[in-house]
Structures are given as structure tokens and as C-alpha cells.
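Visitor: Could you take me through one part of this model up close? I'd like to hear about a single interface and whatever salt bridges lead on from there.

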Amino acid sequence: MLIPAFQLNLNEKIKRSQATIGKFDGKHAALTCATVAGKIFVHNPHQQSVSDSNITFLNINKQICSVVAGQLLQGSNRDVLFVGTPSNLQCYDVENNKDVFFKDVSDGVNTIVVGQFGDIDQPVVIVGGNCSIQAFDAKGTEKFWTVTGDNVSAMTFCDVDGDGKSELLVGSDDFDIRIFQNEDVVAEVSEADQILALAPVHLTKFGYALVNGTVGLYDRLDRIWRVKSKHSVCALSSFDLDGDGYPELISGWSNGRVEVRRADTGDVVYRDLLTCSVSSILRADYRGDGQQQVVVCGSEGEVRGYVPPSAGLSAVETDFTSQQAMISELTQRKQELMYELASYQNMKNTDSAQPESSLIPNSTRVDSFIVVNRERSSCDLVLKTNNDAVIRGVVVFGEQIFEEESVFVYPKNPETQVAVPLRPMKDVAVVLMVKVLVGRRTSASFHIFELEIEMPKFAMYATIEKGSVAESISSVVFMVNERIPRLANWIETRFNIKTGPVKSDNLEVLFLCLRDNQPISVKIQSMNNSVQVTFKTDNMDMAGEMVTDLAGYLGIVHLPSVADFPKALEEFKSVLEKVEEYNATRLKMNADMADNSNLVKQLLIKAEDARILSDMKAMRKYYRQLYDLNRDLITEHDKRATNHTELLKNLKEVNLMIQRAARLRMGAPKTIVVNACRAAVKNQNMMTLFKIIREGD
């Protein structure tokens, strides 16, 4: 068990993942948390206060989405407080009780990080919102803006590539973790569910948590381990709590459990249990004794602090702890070997009681291959034995393939061949872990074959004959300095087909996506000293995925292209018109609200004057008008909320379109598209925006 070094109860509810610790006076750490009532309270245990609670409140009166403290002011060691809401970002100086800046953020603020990033020579605050990421300096000036695949749900800094500079890790609702250097995405990692939290651990290692209760750790882009629970993860952090010099991954759960896991193996080192669900896990010198602590906050206001073992006892205790860990590991290994030996003994006894004809031959093997099944709109994993041994059952493990990440197929009439239908949710290369139960028809015991099968990224695309479906009029065209046979090899490995030897300077293959029956054609044509590649499809996401994958396969860093998607641009035009309409309505409603607010003040003053003068008739008239005006204000507020929701929905579509246009390019051309589209949207220059999407400049 993990023994807390200190424990207190603030008697205030704390929203999930909305707590932070900052030194607002530059000396003493103060715990700052958001409540469900749109308030923020600051607990400073070192503050001399008349009351015994040492708690002060800040009224935000808005839905609070994120609360973070960090150093942003140049030449000052004091932290400032950042408060994110669905429509703005507030930078607040707690010590001097004043705003540093207040910014309207049209894409909303879901999460906030503060620090040094990229080539920016000063600390910035980075906010993740509705498919976008923005950075602001100490004056509230926008330093950069870029788009990401979906709503941003988690962000952190980590030196993933080990070059000494921190990258920005962004988790989003589309199950992807994207790694940003400056404004460019340098790598992507796909997970099985929405990203809930990210945390740097040590050097190139970082931890992650998913909505489905999964916690794991990556080293660079390789996943080291992961565990899954039926409870949901509430918070994630890292700290060296066992004193071995290497940080552990600390996770807080909805049932109040706090787990400390080793970064290299994922084994649990310590556990503790709060009386309520965990809200946040923070790191700070909260006691002011010069030693960092892990501070765990519960949703009901419970706070516990943990410290590593003292330095005087660390040498002996660390040696004893390592011996205990080794004994535990050897004991577990012994139990596994004994269980395996008992299984072999049981199989031997069973086989000795069965006739020789019930055993499978020693030469039995299981062959596997993936075929497209257009009738079932799936790609089937076909497993087949090389003799008359039958397959009694198949267990397949694969992320983003099945809802529960695995499936068990048990044929009623066992045969030598079994087909397992696969329907990946998105285009992603997956390594399938397969266990096949093989035996004779009359046998009571089975042999288990374990297979690893790599599923092609675009396995859900079936080849079709030219002219069988209407060809798309939308396309993306780009030039590459490559040989056609290598491009043909990319098609074979990614689409699971055989193109055969290329005998000419042209190659064209037509596919049908089994998810939505959308046609796509890949045309490769030699022109002068280069090769022109054309993807024809009405789906910009599909085209962008193929451009990105081909560029990665060929090792292309910079890739410009020309995109012509008339249907998508026509729909995008209507989205922009809606944005303009909703924005105009928002401005008009804000003006009306301001006028009505002034009228409320006037009526209150008149009603109070009438009361003092004992003019009850006039007072009742003013209060009646005030009642009617208040009712109108409530109605207008509902309209404003509905209008704001629709505006955010359409702004998300705008950001997604910019993201789609950017994914059709690589490197510098991609950055140019994002920046130019942002400038065109700000200037409301729609003709330029469409030209940028088509031509990339």
C-alpha cells in the first residue's frame, strides 16, 4: 500500500482533470481547482488568513473546461492562472488580482499546456479546441495556429525523438496521438479509443490513457505495455515514488484507486484507495520543505500527498525492495511453469487414452491469407490446415477491428478451413494475433497454433473492372521522382493485390471501398523524368490517407499537389455561408443582450427610488417590466446557446476542411496550406481560400 505523507479535506467538489498547483506569489505553492458551479477556489496552506480554511474563490460564471498554472510573464518567477471556457481563454494574475489578457477563442478551449515549444523564443500557452491548436504569448498575441484531426482531448510536452527539444503530443477524439514539431505533424499513433490523458514519463517515454479504461506507455513510437480495466481513467502523471531514480507512471481511476506502475514493465509498485473518484494527479512542493510531492485530488475535495523514501534509508530499502521484486517474479514464473507442466501431463493422459488416429500429425500447419468478400462487405481472414485436421475454434486479437478488440469464432460443423470476417473501422495497418484450435473430428483435445498476421492498411478495398462503376470526377495529382515498379509494389503491399510485372509506362488500378461503396482509382503515368500519380475519389479523407501513406513509403519529405474536389468544395461553400450567418446572428444577439443588461440596471435603480419615495404603484410597474425583461433575457440566452452550438459545429467543419486540404500535401507545402487558409478565413476571402485548397498556394 502507498502511505500518504499528508492528507486533508477541502470540502469542495473538484471537476475531473481541472486542478493545478502554481506559485502565484513566486514562493508558495497553491492548489487551484474548478468546481461544477463555474467557480475556482485557491487553497494556499502557507497563507495567513483570518478564516481557518485558507481558501479563496474566483467567480468565472461560465462553464470551465480547463485550469492550468504556469510561468508566462518574462522576467518573473510567478505563475499565472489560465482558465479555458467553451468560447475564450483568460490569463489571470492571482497575486495582483487582474487579467493579463482575455482572448476570444472561437474553437473553444478543451485543454491547456504552458511552456517552451518549437522555434518560439519565449514561453507560450497552447490551447487545444475544436479540431485546432493555438499558441499565445504573454500579451495574448497569436504565435501559431494549426489544425488536427478531431476535437483535442489531451496535450503534453515530451522529447519523443530524443533530440533535446520537446515535441507537442496531441490526443484527439479520432483515436490518434499526433506528434507536432512546430506546426508540422511528424508522426501519428493510432489507438483503440478516444485519448483521455497524456503524460511524459522519462526521456522518450510517455504514458497515455483511453476512454475504454486502457493505460499504457510508449517509448518513441513503440508501445512497451498496456493494461485495461473495467473502470475509467481520471488522471495520469509520472513521478519517482520508489526512489530508484526512474519515474513511474501514476494513474487515478473512477473508483478512487491510485496505481503506481513501473515504466519498463507496467507492474504495479504501489496502490492506494481514495474514498471518492480521483480528479487530478499533480506534482509540486506543496508543503514548502524543498521536496517534490505527488498530490492526488479527489472529486469530493479529498487531497493526499505522497513522497519517495528518504535518502538515508534508500540504499538499504532499495536493495531489499529489489530482492522482494525478484522473489515475486521468480514465484510467478514458477507458478506459470507448474501450470504448463500440469497441462502437458493432462494432455498426455488424455492422449494415451485415445486411439492413435485421434492425434494430429506432427507435420500439421495452419496457412493464412486475407481475401476481399464483396458480398459481406468485409475482408476475410482465411485459415486452412494442410491435411484433414479440422479447425475447432479461432481467437483473433486486433485493435480497431472489433468492438472488444478480440473475437472468438466457433464453427458448428468444424472443417479444414475457416473464414473470419474483418471490418476495420478505419484504414490502419494492424498485426493480428491469432490462436487456432486444431484437432481430429473425434478428438477431445486440441493443439493451439499461434500466428501473427499483418493486415494491409487498405485491405477494405476491392479491385473492380474499369467501366463497372461511374468514375469519380474529383482527384489529387502530384509528381514523384520514383520508378513505376516501386509504386506498383506499394499498391501490392497496401491493397493486398498482385499487379504483376509492369510492362509499360502506365499503370491504373480501380478499387471499391467496402465501407461506403465509394470508387477510387490509382493512376500512375511516366512523364519526362518524373512520374505523375493521380488518385481519383470524392472522399478527401481517403485521398489524404493514401497521399500520406505513399509519401511515408517512398520517404518523401516535401510533396506539393493539385487537388480538385468540386463536390466537397460546393458543400464547404454552404458551410462557410452558415458560419457567416451564425456569426452575424451572434453579434446581433450580443448587442441586444448588452442593451437589455443596461435596461435592467436602469429599472432596478428606478424601482429602488420608487421604494424609497414610497411610490408603490411605480415600484410595482418597474418590477413588472423587470420581470418581463428577465423572461426575455432567458429566452434570448437559449437562442444564443443554440446559435453558439451550431456555430461551433460549422467551425469544426471549416477546420476539418483545412485539415483535409493539408493532408493532400507533405512538409513545407502542407504548412503553407494551413497558414494561408487561416489567413484567408480571417480576412473572409473565400475565393482565395478555394484557390489555396485546390492549388496549395
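Guide: Let's start with the area buried between domain 2 and domain 3, about 760 Å², with carbon and sulfur atoms giving 47% of that. Buried area here is the accessible area (1.4 Å probe) that two parts lose on being put together, summed over both. On the domain 2 side, V372, R374 and D427 lose the most area to domain 3, together 65% of what that side buries. Keep in mind that this is a predicted model, where local features need pLDDT of at least 70 and side-chain atom pairs count only at pLDDT 80 or more, while totals for chains, interfaces and linings use all residues. Residues are numbered from 1 along each chain as its sequence is written, and side-chain values use heavy atoms, with hydrogens and water left out.

As for where these domains sit in the chain, domain 2 covers 366-455 and domain 3 covers 461-556, with domain 1 at 6-317 and domain 4 at 566-695; the bounds come from an automatic or database domain assignment. The centres of domain 2 and domain 3, taken over C-alpha atoms, are 29 Å apart. Ten residues of domain 2 are in contact with eight of domain 3, contact meaning heavy atoms within 4.5 Å.

Now the polar side of things. Five residue pairs across this interface are in polar contact, both residues at pLDDT 80 or more. That term means a pair of N or O atoms within 3.5 Å; within protein, one must be able to donate a hydrogen and the other to accept it, and residues adjacent in sequence count only if both atoms are side-chain atoms. Strand 29 (residues 366-373) gives the most to the domain 2 side of this interface, with three residues; strands (E, at least two residues) and helices (H or I, at least four) are DSSP runs, numbered from the N terminus.

There is one salt bridge between domain 2 and domain 3, a salt bridge being a side-chain nitrogen of Lys or Arg within 4 Å of a carboxyl oxygen of Asp or Glu. D427 and R515 form a salt bridge, with their closest N and O atoms 2.9 Å apart.

Right beside D427 in the numbering, K426 has a salt bridge of its own, to D176, at 3.4 Å between the closest N and O atoms. K426 lies in the loop between strand 33 (417-422) and strand 34 (430-439) and D176 in strand 16 (residues 176-181), so the pair ties together parts that are 250 residues apart in sequence. K426 is partly exposed at 23% relative accessible area, whereas D176 is buried at 5%; buried means under 20%, exposed over 50% and partly exposed in between (1.4 Å probe, protein chains only).

This pair belongs to one network, in which salt bridges that share partners join D174, D176, R178, E188, K426, K457, R494, E545, D549 and R663. Inside that network, R178 and D174 form a salt bridge at 2.8 Å between the closest N and O atoms. R178 is buried at 4% relative accessible area, and D174 counts as buried too, at 18%.

By this rule the count comes to 42 salt bridges. Another of them joins R678 and E142, at 2.9 Å from N to O. R678 lies in helix 6 (residues 668-682) and E142 in strand 13 (residues 142-147), so this pair ties together parts that are 536 residues apart in sequence.
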